[in-house]
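Please read the following explanation with the sequence and the model side by side, moving from one pair of charged side chains outward to the elements that surround them.

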Amino acid sequence: MYYVYLLRSEHHPKEQYIGLAANLRERLRDHNIGNSSYTSKFRPWLLVAYFAFANKERAAAFERYLKSGSGRAFAKRHFI
């Protein structure tokens, strides 16, 4: 499975992150211990929502959509 996930910073609630991972638990742990240069300065991160896909290409396409203007508006309206 491939997961598209939405994170929100606990200490900086306006900071959000959208990502794609095959192992969601491990990736969230990486974000929270500072293994990602972008997300390390906004730790700790809270998992807001995730979406599971059997197909990596569809997961990547959904991630691209969520990172677009209309996708961010969709996520904000429904999840954040």
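Arg 29 and Asp 30 form a salt bridge in this predicted model, and the closest N and O atoms of the two residues are 3.6 Å apart. The two partners sit in unlike surroundings, for Arg 29 is partly exposed, with a relative accessible area of 44%, whereas Asp 30 is buried, its relative accessible area being 14%. Asp 30 counts as buried because its 14% falls under the cut-off of 20% relative accessible area. As a general matter, side chains of opposite charge can pair when their charged atoms come close.

Asp 30 is also one of the buried residues of helix α1, which covers residues 24-33 and has Leu 24 and His 31 as its other buried residues. Seen down the axis of α1, these buried residues fall within an arc of 125°, and so they line one face of the helix. What covers them includes three strands, namely β1 (2-9), β2 (16-21) and β3 (45-53).

Both ends of α1 can be followed in the model. At the N-terminal end, Asn 23 acts as the cap, with a side-chain oxygen that lies 3.4 Å from the backbone nitrogen of Arg 25. After the helix comes Gly 34, which has a positive phi, near 95°.

The strands that help to cover α1 can now be considered as a sheet. Three strands form an open sheet in the order β2-β1-β3, and their pairing is antiparallel. The edge strands are β2 and β3, each of which pairs on one side only, and from one strand to the next the twist averages 20°.

Within this sheet, the pairing of β1 with β2 can be traced in some detail. The two strands run antiparallel and are joined by six bridges, while a hairpin of six residues leads from β1 to β2. Tyr 3 has Ala 21 of β2 as its bridge partner, and Arg 8 stands opposite Gln 16, which is likewise in β2. In a regular strand, the side chains alternate between the two faces of the sheet.

Which other charged side chains meet in a salt bridge? A search of the whole structure finds two salt bridges, and besides the pair in α1 there is the one in which the side chains of Glu 63 and Lys 67 meet, at 3.1 Å from N to O. Glu 63 and Lys 67 both lie in helix α2 (residues 56-67), where they are four residues apart, about one turn of the helix.

Is Glu 63 buried or exposed? At 14% relative accessibility, Glu 63 counts as buried, whereas Lys 67 is partly exposed, with a relative accessible area of 39%. Leaving aside residues up to four places away in sequence, Glu 63 touches Val 4, Ile 18, Gly 19 and Leu 20. The residue numbers place Val 4 within β1 (2-9), and Ile 18, Gly 19 and Leu 20 within β2 (16-21).

Taken together, each salt bridge joins a buried acidic residue to a partly exposed basic one: Asp 30 is buried and Arg 29 partly exposed, just as Glu 63 is buried and Lys 67 partly exposed.

Methods: Residues are numbered from 1 along each chain as its sequence is written. This is a predicted model: local features need pLDDT of at least 70, side-chain atom pairs count only at pLDDT 80 or more; totals for chains, interfaces and linings use all residues. Side-chain values use heavy atoms; hydrogens and water are left out. Buried means under 20% relative accessible area, exposed over 50%, partly exposed in between (1.4 Å probe, protein chains only). The arc is that of the directions from the helix axis to the C-beta atoms. Contact means heavy atoms within 4.5 Å. A polar contact is a pair of N or O atoms within 3.5 Å; within protein, one must be able to donate a hydrogen and the other to accept it, and residues adjacent in sequence count only if both atoms are side-chain atoms. Two strands pair if DSSP finds at least two bridges between them. Axes are lines fitted to C-alpha atoms, for helices over the stretch in contact, and angles run from 0 to 180 degrees between N-to-C directions. A salt bridge is a side-chain nitrogen of Lys or Arg within 4 Å of a carboxyl oxygen of Asp or Glu.
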